[in-house]
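The following exercises concern a single protein chain. Please work through each task with the sequence and the model at hand, and then compare your reasoning with the solution.

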Amino acid sequence: MKKNILEIGPYSAVGGVSIHIKRLAALLKGHYNFTFIDESPRLQVDSEVFNLRSKNIFKYCGLIYRADVVHIHSGIWWLTCFHISTAFIFRKKIIVSIHSLSNLKNNFSIKITQLFLSLATKVIFVSQEIYEKFKSKNGAVIHAFIPPDLSNEKDLPSEVLSILKKNTDKKIIVNNASKLVLYRGQDLYGMDLLIEVAHMIKKESNNYKIIFVVASREESLNLFDLYQQRIKDEKLENQITLIHNPISFVKLMVESDLVVRATNTDGDALTVREALFLNRPIIASDVTFRPEGTILFKNRDSEDLYLKINETLNKSKREPVGLSEENLQTYRKKHISIYKFL
């Protein structure tokens with residue numbers, strides 16, 4: 001009889017954790033039964049997945065009660081503690097995945113989270129750096145990456161296909177962000193850096209085209225509109241285009257020559273591992289440990305980023321996509337082990 005696994009996290013939000021939860025369930029559906037609790041801020045009334053923000057405490061408790069294992073992926077530290085305590089009361093096996101340190105901004109939040117993590121059966125840290133912050137006795141480092149299944153990815157919309165068609169003579173550089181936000185007063189995803197790079201591309205008349213995808217417009221600072229206007233005012237439309245639709249970034253990476261991850265803080269970024277898996281060169285900021293094969297540039301240094309872009313595109317050619325059933329099987333075995341001994 002299959003065990004019932006309850007996954008709790010930002011199921012319907014746009015971002016790496018949401019993708020991880022869905023891919024994990026799809027990868028292991030033949031081995032376990034999965035249910036979900038969605039923490040996403042937008043309540044989708046037509047969704048079959050229960051959203052915590054509906055405030056239906058009876059439904060919430062019922063899902064935990066019927067689960068054999070409660071797997072928590074929350075991006076909010078106090079919600080992580082709340083889920084742990086509820087599952088502990090119901091005497092469930094508890095797994096917590098810590099995907100990032102970005103919501104743990106002070107020693108108080110870290111100390112309280114550490115206290116509650118001691119109640120978990122297993123704690124998964126997606127990087128060594130995050131593990132070092134906690135060093136939990138019940139912890140292990142397991143990278144969050146699960147390969148994409150291209151057959152399940154949506155086709156690129158006509159808007160994007162049109163951009164690619166108009167720029168067939170150029171090297172395509174792609175970047176993405178779940179939404180535009182500031183971190184410590186700076187653009188988290190580095191779109192401002194890519195606009196500076198676009199200026200350098202224009203100045204040197206390089207045949208490069210930057211496509212920057214922003215999946216969600218849920219932002220309070222109107223950064224997208226400000227950047228869009230800046231691109232127009234500075235006449236950079238031929239060098240950089242902004243997209244604000246939740247497209248399949250995996251499919252766009254397949255059509256690209258280079259992927260950039262210019263964040264000023266990061267966890268074990270899904271985009272980086274996807275690019276490596278798809279045989280696409282990936283340039284990323286040096287703010288954290290990056291997987292082998294990643295090309296690093298100095299954080300918040302647009303000149304160094306442009307230098308690395310030039311070096312990479314001048315010596316690389318687009319490689320075939322590196323997907324195989326054998327690779328998928330390897331990842332499947334690794335993630336089955338997460339629940340195997342519970």
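**Exercise 1. Determine how many bridges join strand β6 to β7, and place this pair in its sheet.**

Solution. Strand β6 covers residues 122–125, and three bridges join β6 to β7, the two running parallel. Strands here are DSSP runs of E with at least two residues, helices are runs of H or I with at least four residues, and both are numbered from the N terminus. Two strands pair if DSSP finds at least two bridges between them. Within this pair, Ile124 has Ala140 of β7 as its bridge partner. The model is predicted: local features need pLDDT of at least 70, side-chain atom pairs count only at pLDDT 80 or more, and totals for chains, interfaces and linings use all residues. Residues are numbered from 1 along each chain as its sequence is written, and side-chain values use heavy atoms, with hydrogens and water left out.

Next, consider the sheet. It is open, has seven strands in the order β3-β2-β1-β4-β5-β6-β7, and shows parallel pairing. Its edge strands are β3 (50–51) and β7 (139–141), each of which pairs on one side only. Helix α2 (residues 57–66) packs on this sheet and touches β1 (4–9), β2 (33–38), β3 and β4 (69–72); contact means heavy atoms within 4.5 Å. The direction of α2 makes about 155° with that of β2, where axes are lines fitted to C-alpha atoms, for helices over the stretch in contact, and angles run from 0 to 180 degrees between N-to-C directions.

**Exercise 2. Decide whether Ser178 is buried or exposed, and describe its surroundings.**

Solution. First, locate the residue: Ser178 lies in the loop between β8 (171–177) and β9 (182–183). Ser178 counts as buried because its relative accessibility is 18%; buried means under 20% relative accessible area, exposed over 50%, and partly exposed in between (1.4 Å probe, protein chains only). Then examine the side chain, which is joined to that of Tyr189 by a polar contact of 3.0 Å. Such a contact is a pair of N or O atoms within 3.5 Å; within protein, one must be able to donate a hydrogen and the other to accept it, and residues adjacent in sequence count only if both atoms are side-chain atoms. Leaving aside residues up to four places away in sequence, Ser178 touches Val14, Gly15, Tyr189, Val214, Ala215 and Ser216.

**Exercise 3. Characterise Thr294 and Leu296 by location, accessibility and contacts.**

Solution. Begin with Thr294, in the loop between β14 (282–285) and β15 (295–297). Thr294 has a relative accessible area of 14% and is therefore buried. A polar atom of its side chain lies 2.7 Å from the backbone oxygen of Pro291. Beyond residues up to four places away in sequence, Thr294 touches Val272, Leu276, Ile282 and Ala284.

Turn now to Leu296, which lies in strand β15. Leu296 counts as partly exposed, at 37% relative accessibility. With residues up to four places away in sequence again not counted, Leu296 touches Ala284, Ser285, Asp286, Arg290 and Lys308.

**Exercise 4. State the phi values of Arg91 and Asn279, and locate both residues.**

Solution. Arg91 is not a glycine, yet has a positive phi of about 55°. Arg91 is found in the loop between α3 (77–89) and β5 (93–98), and is exposed at 77% relative accessibility. For Asn279, also a residue other than glycine, phi is positive and near 65°. Asn279 lies in the loop between α10 (270–277) and β14, and counts as partly exposed at 39% relative accessibility.
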